[in-house]
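Me: I would like to learn how to read salt bridges in a protein model. Could you take me through them slowly?

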Amino acid sequence: MPSRTWRSLPTGTDTIYNGLFFHDAENGFLLGEFGTLMRTRDGGESWEQMNIGDYQGSLFGITFLTPDKALAYGINGKLIVSRDGGETWTDIPTGTEEALYRAAVRGDEVVIVGKSGVILKSTDNAQSFARTLEPDNYSLAGVCAHAADGFVAVGEFGKILNIDPSRHE
């Protein structure tokens with residue numbers, strides 16, 4: 001098996017990065033502190049800053065629902081959507097000021113989890129979200145779609161939570 005080596009790829013900034021997503025070997029997105037949302041079309045050799053308005057907070061993750069539709073999320077309840085493959089981004093109201101840490105998708109269902117037990121649920125392909133709270137207000141740091149039904153989230157103090165996006169508690 002051939003040996004591979006790591007090499008640094010310049011982004012043009014020295015910000016802290018929190019997440020990335022690649023569609024394929026060439027096309028990807030990078031996000032981080034100070035509203036950083038960057039795109040590459042050449043496997044990371046060069047990066048361009050995307051315009052997301054005047055937001056200067058942290059972005060923690062990016063999730064694609066389709067090749068054209070993406071959600072990026074972060075601190076202060078920030079949730080933005082692109083419907084054109086990442087070219088333009090617009091805000092989605094969330095009803096929370098809590099940080100949003102992770103998202104998961106299954107079909108038309110989307111679940112986003114965050115600080116202090118905030119859970120955003122959508123059953124209409126991220127057109128709208130209902131906000132609920134984890135009963136103990138424990139922060140939730142991860143979520144994934146469950147193969148059988150619903151979603152599973154994990155968080156503080158050993159919390160493992162089954163989430164049904166169609167139920168609005």
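Reply: What follows is a short conversation about the salt bridges of this predicted model.

Me: What is the general idea behind such a pair, and how many salt bridges does a search of the whole structure find?

Reply: In general, side chains of opposite charge can pair when their charged atoms come close. In this structure, a search of the whole model finds seven salt bridges, and one of them joins the side chains of Glu87 and Arg41, with 2.5 Å from N to O. This pair links distant parts of the chain, since Glu87 lies in the loop between strands S7 and S8 while Arg41 lies in the loop between strands S3 and S4, 46 residues apart.

Me: Which residues are linked with Arg41 and Glu87 in a network of salt bridges?

Reply: The network also takes in Arg39 and Glu48.

Me: Are Glu87 and Arg41 buried or exposed?

Reply: Buried means under 20% relative accessible area and exposed means over 50%. Glu87, at 37%, is therefore partly exposed, and Arg41, at 42%, is likewise partly exposed.

Me: Where in the chain do Glu134 and Lys159 lie, and are they buried or exposed?

Reply: The side chains of Glu134 and Lys159 meet in a salt bridge of 2.9 Å, N to O. This pair, too, links distant parts of the chain, with Glu134 in the loop between strands S12 and S13 and Lys159 in the loop between strands S14 and S15, 25 residues apart. Glu134 has a relative accessibility of 1% and so counts as buried, and Lys159, with 18%, is buried as well.

Note on methods: Residues are numbered from 1 along each chain as its sequence is written. This is a predicted model: local features need pLDDT of at least 70, side-chain atom pairs count only at pLDDT 80 or more; totals for chains, interfaces and linings use all residues. Side-chain values use heavy atoms; hydrogens and water are left out. A salt bridge is a side-chain nitrogen of Lys or Arg within 4 Å of a carboxyl oxygen of Asp or Glu. Helices (H or I, at least four residues) and strands (E, at least two) are DSSP runs, numbered from the N terminus. Buried means under 20% relative accessible area, exposed over 50%, partly exposed in between (1.4 Å probe, protein chains only).
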